[in-house]
Amino acid sequence: MTAIRLRRVYDPPEPEADGLRVLVDRLWPRGLAKEAAGVDEWPKAVTPSTELRKWFHDGGSAVEFRQRYEAELAEPEAAAELARLRGLVGAGPVTLLTAVKDPGSSHAAVLAEHLSA
C-alpha cells in the first residue's frame, strides 16, 4: 500500500511527492487562495463535524476528541467516503492536508490511520 503523507495546506505543493492532495479540514483555510492550495479533493464527510471541532476548541480533551472523531468516521456517509479514499490510496501517493500547525498530532493523523487499515 502507498504511504500517506501529512502536510500543512499552507506549505507549497510538491507535485511529484504529494500525489493526490486531499484537504481534510471542514473549513477552507484562512488566507489561502484555492489556486495556490493545489487541492485535488475535499471530502467533508471525513472531516470532524462542526460540533466536534467547536467542542475541542472549547477545551475538550485530545483522547475524547479521538474517540468522538472515530465514532463519526464509523457513520455510513463517512465510512463510504473512507472506503473510496482507501481505493485512491492504493492507486498512488496521497497527501492529507490540514491547516493545523502539527498535522501529526491532529485529526489528520487519526484519518491516516483509518485509511491505512
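This report looks at how helix α6 packs against two other helices, and at the largest pocket.

The model is predicted, so local features need pLDDT of at least 70 and side-chain atom pairs count only at pLDDT 80 or more, while totals for chains, interfaces and linings use all residues. Residues are numbered from 1 along each chain as its sequence is written, and side-chain values use heavy atoms, leaving out hydrogens and water.

Here are the two helix pairs (helices are DSSP runs of H or I, at least four residues, numbered from the N terminus; axes are lines fitted to C-alpha atoms over the stretch in contact, with angles from 0 to 180 degrees between N-to-C directions).

| Pair | Angle | Axes apart |
|---|---|---|
| α5 (76-91) and α6 (107-116) | about 75 degrees | 9 Å |
| α4 and α6 | about 45 degrees | 11 Å |

The α4 and α6 pair has its contact (heavy atoms within 4.5 Å) made by Phe65, Arg66, Tyr69, Glu70 and Leu73 of α4 with His107, Val110, Leu111, Glu113 and His114 of α6. On the α5 side, Leu82, Leu85, Arg86 and Val89 meet Leu111, His114 and Leu115 of α6.

Now for the largest pocket (an open set of points on a 1 Å grid over the protein atoms alone, where a 1.4 Å probe fits, with protein on both sides within 12 Å along at least five of seven lines; lining residues have an atom within 4 Å of a point). There are 23 lining residues, with Asp25, Arg53, His57, Val100 and His107 nearest the centre. Helices α3 (50-57), α4 (62-73) and α6 each give two or more residues to that lining, and α4 gives the most, with 4.
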